[in-house]
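Hello,

Here is the structure for your files. Please open it first, then read the notes below it.

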Amino acid sequence: GSTISDSAIILMGAIVNTKAIIGDKTMIDMNSVVGSGVIIGKNCHIGAGSVIAGIMEPISEERVIIEDDVFVGANAVILEGIHIYEGAIIGAGAVVTKDVLSNTTVVGVPAKVISKNGAWELNEELRKRL
């Protein structure tokens with residue numbers, strides 16, 4: 001029941017739940033969990049061990065939406081109903097409890113803004129190493 005682009009990469013141990021949508025050239029790294037109904041755009045990287053809440057666990061009317069060119073660091077948690085806008089960066093281990101605007105970097109528990117400039121070059125450099 002999920003839609004995974006032919007050019008997406010799902011690594012070992014990652015779980016993509018029902019009705020999730022994974023866009024072109026997006027990587028879901030090892031042992032990540034993509035909850036039911038989550039929408040992830042193009043050219044994203046979801047770091048190892050990350051958890052993205054779905055609409056069924058816990059039951060929520062609002063799905064998580066991650067737009068294009070987003071980088072999510074390892075072991076980050078994105079709670080239900082959150083919208084991560086284009087080019088945002090979520091630091092490793094962050095717990096995202098609020099929407100994250102375009103080209104904004106957030107870190108910590110709960111996640112707080114540390115930069116509004118973005119750093120998408122980091123993701124491009126990681127892709128070159130694959």
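**Strands and sheet**

Strands β9 (residues 51–52) and β12 (residues 77–78) run parallel and are joined by two bridges. Within that pairing, isoleucine 52 sits opposite isoleucine 78 of β12. Please keep in mind that this is a predicted model.

The pair belongs to an open sheet of five strands, ordered β3-β6-β9-β12-β15, with parallel pairing. Which strands stand at the edges? They are β3 (15–16) and β15 (95–96). Each has a single partner strand, so one side of each has no neighbour in the sheet.

**Nonpolar core**

The largest nonpolar core has 26 residues. Those with the most contacts inside it are Ile40, Ile52, Ile66, Ile78, Ile84, Ile90 and Val96. Ile52 and Ile78 are thus on that list, and they are also the residues that face each other across β9 and β12. In general, nonpolar side chains tend to be buried together in soluble globular proteins.

Isoleucine 40 is on the list too. Leaving out residues up to four places away in sequence, isoleucine 40 touches Ile21, Ile22, Gly23, Thr26, Ile28, Val34, Ile46, Ile52 and Ile66.

**Isoleucine 46**

Isoleucine 46 lies in strand β8 (residues 45–46). Is isoleucine 46 buried or exposed? Buried: its relative accessible area is 0%. With the same sequence neighbours left out, isoleucine 46 touches Met27, Ile28, Asp29, Ser32, Ile40, Ile52, Ile66 and Val72. Threonine 26 is 20 residues away from isoleucine 46 along the chain, and their C-alpha atoms are separated by 7.9 Å.

Best regards

Notes:
Residues are numbered from 1 along each chain as its sequence is written. This is a predicted model: local features need pLDDT of at least 70, side-chain atom pairs count only at pLDDT 80 or more; totals for chains, interfaces and linings use all residues. Side-chain values use heavy atoms; hydrogens and water are left out. A nonpolar core is a set of buried Ala, Val, Leu, Ile, Met, Phe, Trp, Tyr and Cys residues joined through side-chain atoms within 4.5 Å. Buried means under 20% relative accessible area, exposed over 50%, partly exposed in between (1.4 Å probe, protein chains only). Contact means heavy atoms within 4.5 Å. Two strands pair if DSSP finds at least two bridges between them. Helices (H or I, at least four residues) and strands (E, at least two) are DSSP runs, numbered from the N terminus.
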